[in-house]
Amino acid sequence: MDLVVRAARAVTSEGEVPATVGVEGGRIVAVEPGGALLSGDRVLDLGDDVVLLPGLVDTHVHVNDPGRAEWEGFETATRAAAAGGVTTIVDMPLNSLPPTVDVAALEVKRKAATGRVHVDVGFWGGAIPGNVADLRGLHEAGVFGFKCFLLHSGVDEFPPLDPAGLDEALRELSSFGALMIVHAEDAHEIGEAPEPHGGRYVDFLRSRPRQAENLAISHVIEAARRHSARAHILHLSSSDALPLIASARRDGVALSAETCPHYLSFVAEEIRDGATQFKCCPPIREAANRELLWQGLADGVIDCVVSDHSPCTPELKRFDSGDFGAAWGGISSLQLGLPAIWTQARQRGFALTDVVRWMAERPAAQAGMRRKGRLAVGHDADFCVFAPDEAFVVDVAKLKHRNPVSAYDRRPLAGVVRSTWLRGTEITGDEPRGALLTRGNC
């Protein structure tokens with residue numbers, strides 16, 4: 001074998017157990033009980049203080065390249081991913097120029113990424129008004145599914161779908177079994193809410209009420225039911241919607257949902273006025289809401305945890321004024337998702353097996369990746385070597401993403417990523433070895 005990894009602790013299908021993992025040609029060819037005598041060209045013995053995890057899969061990343069590469073770029077985003085134990089990302093179709101709404105735009109994006117990625121990268125397509133005829137072509141070109149907004153996306157070149165547009169797109173996607181992923185906030189409810197101006201976080205929170213999420217999710221459920229379509233709710237922040245999602249699943253609607261580390265880590269009551277690094281849409285809500293999201297994970301109503309890494313240049317966060325209405329909404333966290341979630345999860349009695357399920361296994365399955373997210377024979381030899389009992393304080397200046405802005409700055413976190421491996425080779429950041437993925441080849 002090319003590589004043999006001996007781990008006193010590894011998260012496999014058997015739970016957290018001692019294991020020996022054999023790698024050949026970039027794939028896992030053996031997962032044996034700890035102490036198994038496997039031989040290889042290279043043997044890596046891990047200490048008792050680390051756990052071998054499958055490489056994480058983050059299906060919600062805004063790379064913004066090309067077009068807004070000063071916000072983020074493929075090289076910096078994938079360095080940050082690798083530093084956080086993430087070996088596969090899927091890039092969102094908006095904030096780049098052009099947005100990924102037709103095959104020509106997908107080729108522009110793939111060209112921008114070629115030779116510059118340190119982890120594997122796939123792409124979502126976009127569903128916007130007027131591009132229904134482009135959806136099948138994008139699907140055949142290998143995107144993992146299609147993203148839409150139900151209200152203004154924040155950038156004019158990626159407009160939202162109205163109810164008729166959502167119906168039309170879902171009808172088309174259901175004809176070839178593609179997945180629709182939805183930013184679910186209702187435009188009318190947001191329009192009726194108070195406008196966000198000034199530095200008070202409580203005013204910003206009132207501008208994005210829970211009911212906007214709840215109503216939009218109910219619309220998505222009914223549209224998916226009508227068209228027998230597959231739908232996925234992005235970045236769930238309203239715990240009120242959990243019963244809606246659970247009920248729809250019991251009725252047979254093909255629905256999944258995700259949430260993000262910031263909704264599971266931060267609470268509205270602790271966000272200082274003017275602290276626009278915490279602005280995201282939908283917003284970080286109250287402490288009681290956070291605990292119900294954790295319960296949604298425990299109950300399996302929420303399938304996975306992904307970053308929604310949505311960076312920008314520092315001036316767009318409007319630190320000069322602290323105005324939540326004017327600041328860009330997005331939290332940079334691609335490198336920090338694993339320790340952020342582990343810090344909170346272990347306090348609530350969860351295990352690393354749970355974290356791996358939420359951040360590796362289920363995101364891979366939701367995107368249709370058959371060789372990612374597990375330490376199992378036939379899977380890619382993507383590894384994260386994680387020290388769960390080591391702690392650190394986040395220094396935003398040391399993070400690998402492009403701009404030194406993050407809501408996690410100066411926050412103590414538990415768990416340190418010691419190394420990250422892609423198809424049996426350690427990612428050092430010296431040479432980009434990531435591949436561009438298409439649906440069906442991973």
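Guide: Contact means heavy atoms within 4.5 Å. Helices (H or I, at least four residues) and strands (E, at least two) are DSSP runs, numbered from the N terminus. Welcome: this is a predicted model, where local features need pLDDT of at least 70, side-chain atom pairs need 80 or more, and totals for chains, interfaces and linings use all residues. Residues are numbered from 1 along each chain as its sequence is written, and side-chain values use heavy atoms, without hydrogens and water.

Visitor: Which residues of helix H3 are buried?

Guide: Buried means under 20% relative accessible area, exposed over 50% (1.4 Å probe, protein chains only). Helix H3 covers residues 132–140. Its buried residues are Val-132, Leu-135, Leu-138 and His-139.

Visitor: Why are they on the same side of H3?

Guide: Take the directions from the helix axis to the C-beta atoms, which define the arc. The buried residues lie on the same side because they cover an arc of only 100 degrees.

Visitor: Which exposed residues does the face turned away carry?

Guide: Look at the face of H3 opposite to its buried side. There you will find the exposed residues Ala-133 and Glu-140.

Visitor: Which elements do the buried residues of H3 pack against?

Guide: Two strands are involved, E9 (125–126) and E10 (146–149), together with two helices. The full set is E9, E10, H2 (103–113) and H4 (163–174).

Visitor: What phi does Gly-142 take?

Guide: Gly-142 comes just after H3. Its phi is positive, at about 105 degrees.

Visitor: Which tyrosines is Ile-284 in contact with?

Guide: Leave aside neighbours within four places in sequence. The partners of Ile-284 then include Leu-205, His-262, Phe-266 and Ile-331. Among them too are Tyr-201 and Tyr-263.
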